Amino acid sequence: MFKRVPGTKDILQEESFLWQNLERISREIFSLYNYKEIRVPIIEEAGLFDRSLGGSTEIVQKQMFLIGKEKEALALRPEGTASVARAYIENNLDKREGFAKLYYTGPMFRAERPQKGRLRQFHHLGCEAIGSYDSAIDVEIVSLADNLLKAFSIDGYEVEINSLGCRKDKKELTLTLREELKGKIGGLCADCGRRFEGNVLRVLDCKNESCRKIVRTMDIGERHLCAECKGHFARVKAGLDSLKIKYLVNHYLVRGLDYYTRTVFEIKHKGLGSQDALGAGGRYDNLLKELGGPDAGATGFAFGIERLLLVRSRKPEVRSQNLVYVIALGEEAKKEGLKILDNLRKAGVSCDTDYENKSLKGAMRKANDLAAGYVLIIGEDELKKGVVTLKDMKTGEQKEVKTESLIEALEQC
Ligand code: HAM
């Protein structure tokens with residue numbers, strides 16, 4: 001017996017219906033904001049992530065699924081932003097349309113220790129707005145994330161935002177932190193001990209209690225921000241206020257990927273437990289240039305779809321009542337049933353039949369399980385009279401309908 005790889009999931013029919021719903025709603029909302037879909041490959045050169053996310057980040061150090069060796073290695077993508085930035089550059093989208101608003105959905109891969117809400121293959125629903133430094137697009141991105149959650153009927157989440165500043169400001173913050181933490185390394189967890197050298201900013205959002213205690217005594221605030229970045233952040237906050245979007249400024253929010261600059265945000269939900277981020281994002285104004293592309297400001301976010309589904313209210317979904325279930329009893333009736341199914345499908349009616357030779361009672365139960373709106377029964381009697389028995393599953397009413405006027409009868413139902 002083969003088993004699924006730990007940290008992966010089979011999405012069975014019932015659940016896949018919930019995924020389709022979520023995808024349909026998100027397409028509608030993305031289109032309200034004029035985002036267009038982009039589909040990028042699942043494998044990329046591993047170097048793309050090394051360069052974009054940063055060689056010392058946890059994802060690149062420990063979590064990439066690699067195929068092949070060293071320089072030629074390919075990677076199963078751990079996230080979508082780097083691929084979209086690569087595609088923007090490679091397809092000259094800067095020359096074709098300049099500012100581009102793109103969304104995507106699909107599987108991502110990280111070799112993490114699986115637990116609730118933390119998978120090795122999970123799915124992102126994300127978007128990227130590439131080609132603008134304007135603070136208004138930061139506001140749009142947060143507002144879009146907020147409106148997606150509302151459209152998914154998710155509440156009880158909190159939006160946290162921060163500004164890391166430009167590349168220079170980040171460097172400043174890094175130096176200040178190293179200076180202030182120098183004498184306190186012994187009190188940090190083992191991971192933060194390593195981060196002190198490679199990526200000291202990450203000490204700020206470490207969840208370990210001893211690290212938190214040390215870090216919370218430090219006054220981070222906005223002192224690392226230059227005047228321009230301060231102004232940018234003030235405009236983002238004012239924009240969110242004007243749209244009445246609730247948020248919390250968290251100066252300890254740094255995010256785990258190196259490409260971020262200026263605004264970063266995370267959306268948290270208590271219902272998720274320790275892996276509490278429903279989604280996250282922010283600006284990455286240097287990434288396009290870093291990858292050999294144009295000077296283009298950019299921002300975006302991604303939700304983890306599995307996490308969205310974990311917190312989405314468990315109301316029973318309204319399933320399609322349009323399915324017509326055909327029950328044909330006996331050889332001749334089955335032949336007639338096949339023709340009826342074919343005609344119904346050609347007329348755009350969704351229908352199915354019993355392929356397991358069930359009794360009438362068993363087939364009716366199946367129709368019920370499938371939440372069929374109507375059942376068509378064809379037995380010997382019906383065949384002789386050239387009719388079918390049409391049963392409305394909601395009201396329980398049934399009537400005989402001439403076979404040739406079946407489509408009209410269904411249209412009138
Ligand atoms: P991220 O924070 O690494 O950001 O991932 C975004 C979301 O993906 C997380 O908030 C979480 O909901 C989900 N997620 C991450 N790892 C896992 C996992 N192992 N299992 C289940 N869900 C997971 C990014 O990836 C950035 N590319 C977001 C972005 C887009 N920034 C700018 N544009």
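**Exercise 1.** In this predicted model, decide whether E228 is buried or exposed, and then work out which parts of the chain its salt bridge with R262 ties together.

*Solution.* Begin with E228, which has a relative accessible area of 61%; because exposed means over 50%, E228 counts as exposed. Turn next to the partner: the side chains of E228 and R262 meet in a salt bridge, with a distance of 3.9 Å from N to O. E228 belongs to helix 10 (residues 227–242) and R262 to strand 9 (residues 261–269), so the pair ties together parts that are 34 residues apart in sequence. Finally, R262 has a relative accessible area of 11% and is buried.

**Exercise 2.** Find which residue forms a salt bridge with E58, and state how many residues apart in sequence the connected parts are.

*Solution.* The partner of E58 is R195, and the closest N and O atoms of this salt bridge are 2.9 Å apart. Since E58 sits in helix 3 (residues 58–63) while R195 sits in helix 8 (residues 190–198), the pair ties together parts that are 137 residues apart in sequence. As for accessibility, E58 is partly exposed at 31%, whereas R195 is buried at 14%.

**Exercise 3.** Determine whether R118 and E112 are buried or exposed, and give the distance between the closest N and O atoms of their salt bridge.

*Solution.* R118 has a relative accessible area of 15% and E112 one of 16%; because buried means under 20%, R118 is buried, and E112 is buried as well. In their salt bridge the closest N and O atoms are 3.8 Å apart.

Methods:
Residues are numbered from 1 along each chain as its sequence is written. This is a predicted model: local features need pLDDT of at least 70, side-chain atom pairs count only at pLDDT 80 or more; totals for chains, interfaces and linings use all residues. Side-chain values use heavy atoms; hydrogens and water are left out. A salt bridge is a side-chain nitrogen of Lys or Arg within 4 Å of a carboxyl oxygen of Asp or Glu. Helices (H or I, at least four residues) and strands (E, at least two) are DSSP runs, numbered from the N terminus. Buried means under 20% relative accessible area, exposed over 50%, partly exposed in between (1.4 Å probe, protein chains only).
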